[in-house]
Amino acid sequence: MLEIPREILDAAITQAQEGFPLEVCGIMGGTGNRVASRYPMTNTDASNEHFMMDPKEQFAVVKAMRAAGEEMLVIYHSHPESPARPSQEDIRLALTPNVCHLIVSLENREEPVAKAFRIAAGVVEPVEINII
């Protein structure tokens, strides 16, 4: 189970809505299974079908999380026009071990959907989200 504060999840959804029609992305840090921080990232691909995080931003975020005593818990991104499930590309590029992948779907823009998954060696497992 992944625990995410309501305000952090809402901020990720707002980022997705504001970035529409492009995919947005970011990282969430925390300890154990509880998210404590969100770091919006730049999608350097500026695409509505995939994302690539800026390496310099990623390095700065990892450094900030370490300084805060946190670890990377979640990599998140949006699907502007498709469901909240990993695409084949998402699965292929899920190379960071021991993190959850949160996908915010704007398929129905009035009712965004967020779902989390663990992806390892091509295997996708849903992760329950507890909003705190």
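This note goes through some local features of a predicted model, point by point.

1. Hairpin. Strand β2 covers residues 25-31 and strand β3 covers residues 34-41. The two strands pair in the antiparallel sense, and seven bridges join them. Two residues separate β2 from β3, and the strands form a hairpin. In the turn, G32 has a positive phi of about 60°. At the turn end of the pairing, T31 has R34 in β3 as its bridge partner.

2. Salt bridge between R34 and E3. Besides its bridge to T31, R34 takes part in a side-chain contact of another kind: a salt bridge with E3, at 2.9 Å from N to O. R34 belongs to strand β3 and E3 to strand β1 (residues 2-4), so this pair ties together parts that are 31 residues apart in sequence. The two partners can be described by their accessibility. R34 is partly exposed, at a relative accessible area of 44%, whereas E3 has 17% and counts as buried.

3. Salt bridge between R6 and D10. A search of the whole structure gives two salt bridges. Along with the R34 and E3 pair, there is one between the side chains of R6 and D10, with an N to O distance of 3.4 Å. Both R6 and D10 are in helix α1, which runs over residues 6-19. They are four residues apart, or about one turn of the helix. Each is partly exposed: R6 has a relative accessible area of 41%, and D10 has 32%.

4. A12 in helix α1. Helix α1 also contains A12. With a relative accessible area of 1%, A12 is buried. Leaving aside residues up to four places away in sequence, A12 touches M28, R38 and Y76. M28 falls in the range of strand β2 (residues 25-31), and R38 in that of strand β3 (residues 34-41). Between A12 and Y39 there are 9.3 Å in space, C-alpha to C-alpha, and the two are 27 residues apart in sequence.

5. Helix α2 and its ends. Helix α2 spans residues 55-67 and has 13 residues. From its first C-alpha to its last it reaches 18 Å, which is close to the 18 Å expected at 1.5 Å a residue. The N-terminal end of α2 is capped by D54, with a side-chain oxygen 2.8 Å from the backbone nitrogen of K56. Past the other end, just after α2, G69 has a positive phi of about 75°.

6. Cysteines. What does a search of the whole structure find for disulfides? The count is zero. A disulfide is a covalent bond between the sulfur atoms of two cysteines. For C25, the closest cysteine sulfur is that of C100, 17 Å away, which is too far for a bond. The sulfur of C100 likewise has that of C25 as its closest cysteine sulfur, at 17 Å. The cut-off that applies here is 2.5 Å between the two sulfur atoms. C25 counts as buried at 0% relative accessibility, and C100 is buried with a relative accessible area of 1%.

How values were computed. Residues are numbered from 1 along each chain as its sequence is written. This is a predicted model: local features need pLDDT of at least 70, side-chain atom pairs count only at pLDDT 80 or more; totals for chains, interfaces and linings use all residues. Side-chain values use heavy atoms; hydrogens and water are left out. Two strands pair if DSSP finds at least two bridges between them. A salt bridge is a side-chain nitrogen of Lys or Arg within 4 Å of a carboxyl oxygen of Asp or Glu. Buried means under 20% relative accessible area, exposed over 50%, partly exposed in between (1.4 Å probe, protein chains only). The expected span of a helix is 1.5 Å times one less than its number of residues. A polar contact is a pair of N or O atoms within 3.5 Å; within protein, one must be able to donate a hydrogen and the other to accept it, and residues adjacent in sequence count only if both atoms are side-chain atoms. Contact means heavy atoms within 4.5 Å.
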